Amino acid sequence: MTSASLSLSRDDRPILIAALFILVILVAGTVYTFARFGSAPLLSPTYLLQQLQIGAFLGIVAAGMMVVILIAQIDLSVPWTLAAAAMMATSIGGPLAIPVGLGIGLLVGLVNGIGVAYLRVPSMIFTLGVNAVMRGLMVAHTGGYAPQTAATDLMRTLAADRTLGIPNALFVWAAVSVLVAVMLQRTALGRYIYAIGNKEAAAYLAGVDTRRVTVICFVICGVAAALAGVLLAGYSTKAYQGMGDAYLLPSIAAVVIGGTNILGGRGRYLGTLIGVVLIVLLNSVLSIMDMPEAGRQVIYGLVIIFMLLVYGRGERVTS
Amino acid sequence: MLQRRPALGPSMLDDVAIRVRQNVGIVTAVLLFCVLYVLYNLAHPKGFSSAVLVQNGDEIFALAMLAMAQTVPVLASGLDLSVGAVMTMVGCFASYLLTGTAGGTPLHLDLFGLHLFLGTFPGDISGILLGIVVCLAIGALAGFVNGCVVVYGRIQPIIATLATGAVYIGIALFLRPTPGGKIDEDLNWALTNSLGDFAATVHIFDDGAAGWFAPVAWIPVPFVLLVLIALLVWVPFRRSVLGRAVYAVGSAEGAAYMSGLPVDRAKIAAFTLAGFFAGCGGLFLAIQTSSGNADIPQAGAYTLNSIASVVIGGTSLLGGTGSAIGSIFGAMILRVISFFFRIFDIAPLLQPLFEGLILLAAVSIGALGVLRVRNTLELFR
């Protein structure tokens with residue numbers, strides 16, 4: 001270990017390395033495109049903004065997922081919370097579309113939180129069941145087809161339009177990021193979240209209502225997933241079956257690549273942000289390279305393992 | 001270690017009572033399955049017949065194997081999110097190696113524009129047996145890699161297997177970008193029907209017509225395979241030093257280490273065995289469907305259902321207690337519930353909803369014990 005990395009705190013090292021890896025991806029991708037097409041799309045702001053706009057949905061999901069992972073739980077109900085919010089928002093329509101969509105997320109988060117915090121069912125299995133129920137409800141509601149209803153104008157404006165040349169979705173992502181980062185670093189709730197992730201019994205003995213905090217965390221995650229669903233429906237002008245399936249594993253990967261401990265209690269929001277950007281850029285470089293799905297999956301898996309081998313290694317349990 | 005008292009009279013009953021109490025989750029799962037399955041057969045127009053059993057056996061086998069696969073890492077308080085991917089990958093390999101084409105199957109490898117001829121894989125019975133061994137070895141190897149990443153890479157199992165699962169799915173997609181391939185018809189017929197059909201296909205016991213063979217000829221081959229794998233692989237493993245170490249690591253890793261148990265080897269063994277079981281499931285699925293299919297949603301669904309089966313089968317996700325046998329029953333309960341949908345003619349659109357509600361209800365009822373806990377601190381294990 002060099003002296004430079006020693007001076008960094010334990011939580012900053014992953015963020016720095018992930019940021020360096022983003023640079024490597026950008027350079028490698030640019031060398032490739034320059035050699036093959038004689039152009040450098042990866043360095044053009046328009047292209048980057050467009051990629052980040054697509055990344056905003058993943059970023060919002062990951063923000064919620066991080067809060068849940070910090071308390072040493074996980075939320076597997078994200079895919080169909082996202083889809084259900086999108087479907088209900090488009091089918092209600094009008095000015096109530098967005099509140100109803102977010103309300104779905106709040107409700108799902110509440111159910112998840114109660115099951116995990118009060119019934120003490122492991123979150124892995126409870127949220128899995130809730131995901132199945134949401135999927136069942138939506139299949140029964142839509143008949144298994146893509147709903148014909150369209151997104152409202154407000155949803156489209158928020159997700160697909162631009163202000164001053166910057167996609168509005170980025171502003172929403174930024175707002176969510178600021179909220180979550182401030183909540184984690186500057187509020188008592190944030191302290192409680194880290195405390196519960198480190199040792200729930202200790203947090204309880206210190207006077208934290210750990211069960212209520214757990215419920216709040218799941219609600220945050222549910223609402224974040226719902227917000228991503230509403231925006232995604234606005235971006236693609238309608239909701240469709242399985243629209244959330246592509247967000248579960250990448251969001252967990254982004255959180256973990258960003259240096260958050262999957263066992264909870266440690267990690268900074270900036271890391272999650274960097275993790276999302278890394279995954280989005282990796283995806284776009286691979287699609288520029290015309291990489292077939294097989295190669296993408298392999299590279300995707302190897303990158304996660306590589307990043308974690310560099311800085312995500314746990315300690316041996318010896319006592 | 002407590003001295004075991006001689007098994008006589010009341011003390012033996014005590015022993016049974018203690019064992020039942022220790023395995024209350026598994027016992028509940030077995031009883032629930034028996035009740036559900038008898039009800040199912042009573043409601044089925046052709047209930048209690050060999051044909052129904054054979055069909056059910058074919059539908060249950062792959063999930064039961066994946067449930068066993070998931071159990072072993074869970075016992076060591078890890079989670080294997082790659083079991084579905086290993087299953088899919090092994091199935092894709094099987095669709096090349098078990099074609100049974102006369103004269104053998106030529107194997108080519110196209111990689112980065114290179115075209116390599118790997119040789120011809122034999123197509124006769126020895127080729128099929130070799131193919132089965134190779135497929136199972138690939139499954140075990142994938143599990144071994146998982147174990148090494150977890151133990152030597154010191155990466156949390158859940159995230160390590162998430163990543164290796166992506167790699168295995170990538171390999172499966174590379175092998176079968178579109179569903180295809182073929183499996184020897186005789187192999188398909190022999191393994192997915194009753195013992196009588198198996199004997200007739202491989203020409204043993206007078207083609208299955210031997211008099212002594214008749215009473216068992218109705219038993220479905222998948223059930224026999226399941227019992228054989230459980231008895232010949234799981235039970236010896238559980239009784240070995242490594243198997244006990246897996247349980248010990250799951251209940252208290254630090255204590256296991258301090259007691260001098262082979263912690264690292266136990267973890268690697270747990271993941272390797274998981275890969276082997278998942279390979280068995282993938283092999284059977286390929287044989288049953290006579291093709292290889294790199295179906296990503298299917299792999300995901302199998303992985304999630306394997307976790308559900310493990311929980312329903314009475315194994316704690318925290319590790320240390322439970323058994324692969326319980327998980328088999330958990331998997332069978334999950335499957336029988338979907339059989340009921342066919343019987344009672346529940347609209348297909350409502351089936352996912354019922355599946356989810358039943359899963360939620362099952363885990364919530366199991367969790368109602370927390371309401372009796374007096375000391376809140378006991379909740380935070």
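Me: Why are helix 12 and helix 13 of chain A called oblique to each other?

Reply: In this predicted model, helix 12 (residues 248–257) and helix 13 (residues 269–288) of chain A pack at an angle of about 125 degrees. Roughly perpendicular covers 65 to 115 degrees, and roughly antiparallel begins over 145. An angle of about 125 degrees falls in neither range, so the pair counts as oblique.

Me: What else describes how helix 12 of chain A passes helix 13 of chain A?

Reply: The crossing of helix 12 and helix 13 of chain A is right-handed, and their axes are 7 Å apart. On the helix 12 side, the contact is made by A:Pro250, A:Ala253, A:Ala254, A:Val255 and A:Ile257. Helix 13 of chain A brings A:Thr272, A:Gly275, A:Val276, A:Leu278 and A:Ile279.

Me: What makes A:Thr272 and A:Gly275 polar members of this contact?

Reply: Neither Thr nor Gly is on the nonpolar or the charged list, so both count as polar. The contact between helix 12 and helix 13 of chain A has 8 nonpolar residues, 2 polar and no charged.

Me: Which helices of chain A supply at least two residues each to the side that touches chain B?

Reply: Helix 6 (123–142), helix 10 (200–205), helix 12 and helix 14 (293–311) of chain A each do. Helix 6 of chain A gives the most, with 13 residues. In total, 47 residues of chain A are in contact with 46 residues of chain B. The chain A side divides into 30 nonpolar, 12 polar and 5 charged residues.

Me: Why is B:Thr28 called partly exposed?

Reply: B:Thr28 has 17 C-beta neighbours inside 10 Å. Buried requires 20 or more, and exposed requires 12 or fewer. The count of 17 lies in between, so B:Thr28 is partly exposed. B:Thr28 belongs to helix 2 (residues 24–43) of chain B.

Me: How far is B:Thr28 from B:Ile204 in sequence and in space?

Reply: The two are 176 residues apart in sequence, and their C-alpha atoms are 39 Å apart.

Me: How do you know whether the radius of gyration of chain B agrees or disagrees with that of a compact globule?

Reply: A compact globule of 381 residues would have a radius of gyration near 21 Å. Chain B has 22 Å, so the two agree. The C-alpha atoms of chain B fill a box of roughly 70 × 55 × 50 Å along the principal axes.

Me: What share of chain B counts as buried?

Reply: Of its 381 residues, 46% count as buried. The secondary structure of chain B comes to 16 helices and 2 strands.

Key
Residues are numbered from 1 along each chain as its sequence is written. Chains are lettered from A and ligands numbered from 1 in the order in which they are written. This is a predicted model: local features need pLDDT of at least 70, side-chain atom pairs count only at pLDDT 80 or more; totals for chains, interfaces and linings use all residues. Axes are lines fitted to C-alpha atoms, for helices over the stretch in contact, and angles run from 0 to 180 degrees between N-to-C directions. Helices (H or I, at least four residues) and strands (E, at least two) are DSSP runs, numbered from the N terminus. Angles under 35 degrees count as roughly parallel, over 145 as roughly antiparallel, 65 to 115 as roughly perpendicular and the rest as oblique. A crossing is left-handed if the near helix is turned anticlockwise from the far one by less than a right angle, and right-handed if clockwise. Two residues are in contact if their C-beta atoms, placed from the backbone, lie within 7 Å. The radius of gyration is taken over C-alpha atoms; the globule rule is 2.2 Å times the number of residues to the power 0.38.
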